[in-house]
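Work through the exercises below with the sequence and the 3D view open, and try each task before reading its solution.

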Amino acid sequence: GGGGGGAGEEGQWRVSGGRAGGLYPHCDLKECPGAAAASGARTAECKPVQPGAAGYVVHSLHCRELPSTEPSGTMKSNPAIQAAIDLTAGAAGGTACVLTGQPFDTMKVKMQTFPGLYRGLTDCCLKTYSQVGFRGFYKGTSPALIANIAENSVLFMCYGFCQQVVRKVVGLDRQAKLSDLQNAAAGSFASAFAALVLCPTELVKCRLQAMYEMESSGKIAASQNTVWSVVKEIFRKDGPLGFYHGLSSTLLREVPGYFLFFGGYELSRSFFASGKSKDELGPVPLMLSGGFGGVCLWLAVYPVDCIKSRIQVLSMTGKQTGLVRTFLSIVKNEGITALYSGLKPTMLRAFPANGALFLAYEYSRKLMMNQLEAY
């Protein structure tokens with residue numbers, strides 16, 4: 001068999017081959033514009049004219065392209081452009097997350113690392129303000145921005161790739177919608193890659209946030225409290241691998257945590273959508289869904305995050321014990337409740353910070369994809 005062609009919007013297409021039947025009454029050819037219509041490529045009218053010789057079916061197809069019914073969120077471009085969009089949208093989300101949640105994050109790290117110094121969140125806020133002033137709440141903002149932009153850029157870029165991996169594993173088409181559980185699995189896989197860029201930047205952030213307490217307790221000598229001074233000190237003492245203090249605890253937090261994070265987010269979006277498309281949700285349901293995902297993450301992995309903060313901050317005094325020994329030391333000397341020091345500011349931070357994260361991600365991604373498709 002062979003192929004034919006047409007002219008303008010109205011034209012004759014002539015194809016042959018295969019048996020009768022299939023997608024249309026007289027056609028199961030993938031080359032048929034009518035068959036292409038069923039896959040979302042175009043919409044056409046297919047009219048058989050006459051049967052061919054030797055069992056072949058010959059069509060004269062009068063095709064008229066109709067308006068596309070393809071959803072606006074479907075990506076027509078190649079995977080590299082999709083990855084760039086996900087990366088940029090993730091960076092926008094990370095920026096929004098830091099700007100809305102940094103003061104709460106600072107309180108969390110202080111209370112995790114020095115639980116004996118503060119009676120609670122209010123006491124921590126008042127002491128921080130009296131000791132360092134308002135800027136004390138934003139200590140470590142620069143590395144926090146770098147950390148969150150880097151983490152969320154890699155996270156959401158890899159999230160798109162991991163979604164395709166999940167589709168292949170379960171045998172779905174590239175454009176098929178994943179279930180909430182499958183999206184959660186993709187997010188969990190993606191977080192392992194994000195942890196590799198998050199660990200070094202979060203190490204610098206945590207050390208800056210707890211620098212005042214480390215100096216006032218005499219654990220380290222007073223020094224310049226800048227990003228560059230901390231980076232130079234880590235490199236001088238431990239070399240490049242020194243930036244990965246706390247990597248094992250970071251991975252242990254991220255992989256199960258982001259399964260619950262994306263799972264909670266997608267389940268919440270499904271709840272608000274109530275059978276409609278989740279892409280049509282407004283800003284309030286998106287922010288509530290993001291906040292719910294954040295709460296699911298932190299409730300499950302908060303003790304691991306507490307151990308990570310201890311390892312990263314206290315390693316300033318020398319080599320810090322590993323994940324298991326740090327855990328046993330905290331439980332033995334301070335009790336199990338010490339692993340939950342700083343949980344209150346973390347929960348308060350979850351809704352505004354993670355809500356802003358997903359709101360910025362979803363809207364910036366939608367904007368870029370609409371611009372690309374318009375182009």
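**Exercise 1.** Which residues in helix 8 meet which residues in helix 11?

*Solution.* Two notes on the source come before the steps. The model is predicted, so that local features need pLDDT of at least 70 and side-chain atom pairs count only at pLDDT 80 or more, while totals for chains, interfaces and linings use all residues. Residues are numbered from 1 along each chain as its sequence is written, and side-chain values use heavy atoms, with hydrogens and water left out.

Step 1. Helices are DSSP runs (H or I, at least four residues) numbered from the N terminus, and contact means heavy atoms within 4.5 Å. On the helix 8 side the residues are Phe261, Phe262, Tyr265 and Arg269, and they meet Asn354, Leu357, Phe358 and Glu362 in helix 11.

Step 2. Sorted by class, this contact has five nonpolar, one polar and two charged residues, where Ala, Val, Leu, Ile, Met, Phe, Trp, Tyr, Cys and Pro count as nonpolar, Asp, Glu, Lys and Arg as charged, and the others, Gly among them, as polar.

Step 3. The two axes, which are lines fitted to C-alpha atoms over the stretch in contact, with angles from 0 to 180 degrees between N-to-C directions, come within 13 Å and cross at roughly 70°. That makes helix 8 roughly perpendicular to helix 11, a term that covers angles of 65 to 115 degrees.

**Exercise 2.** Describe how helix 2 meets helix 5, and then follow helix 2 to a salt bridge and to a proline.

*Solution.* Step 1. The axes of helix 2 and helix 5 come within 9 Å and cross at roughly 75°, and the two helices are therefore roughly perpendicular to each other.

Step 2. From helix 2, the residues Gln102, Asp105, Thr106, Val109 and Lys110 meet Lys205, Cys206 and Gln209 of helix 5; this contact divides into two nonpolar, three polar and three charged residues.

Step 3. A salt bridge (a side-chain nitrogen of Lys or Arg within 4 Å of a carboxyl oxygen of Asp or Glu) joins the side chains of lysine 110 and glutamate 213, at 2.8 Å from N to O. Because lysine 110 lies in helix 2 and glutamate 213 in helix 6 (residues 211–216), the pair ties together parts that are 103 residues apart in sequence. The whole structure has 18 salt bridges.

Step 4. Proline 103 is also found in helix 2, and, leaving aside its neighbours within four places in sequence, proline 103 is in contact with Phe137 and Tyr138.

**Exercise 3.** What is the volume of the largest cavity, and which residues lie nearest its centre?

*Solution.* Step 1. On a 1 Å grid over the protein atoms alone, a cavity is a set of points where a 1.4 Å probe fits but cannot get out, and lining residues have an atom within 4 Å of a point. The volume, the space filled by probe spheres set on points joined across faces, edges and corners, is about 280 Å³ for the largest cavity.

Step 2. The lining has 20 residues, and Asn148, Glu151, Tyr258, Trp298 and Arg349 lie nearest the centre. Among the elements that give two or more residues to this lining are helix 2 (79–113), helix 5 (180–209), helix 8 (247–273) and helix 11 (343–374).

Step 3. By class, the lining of the largest cavity has eight nonpolar, four polar and eight charged residues.

How values were computed
On a 1 Å grid over the protein atoms alone, a cavity is a set of points where a 1.4 Å probe fits but cannot get out, and a pocket is an open set with protein on both sides within 12 Å along at least five of seven lines; lining residues have an atom within 4 Å of a point. Angles under 35 degrees count as roughly parallel, over 145 as roughly antiparallel, 65 to 115 as roughly perpendicular and the rest as oblique.
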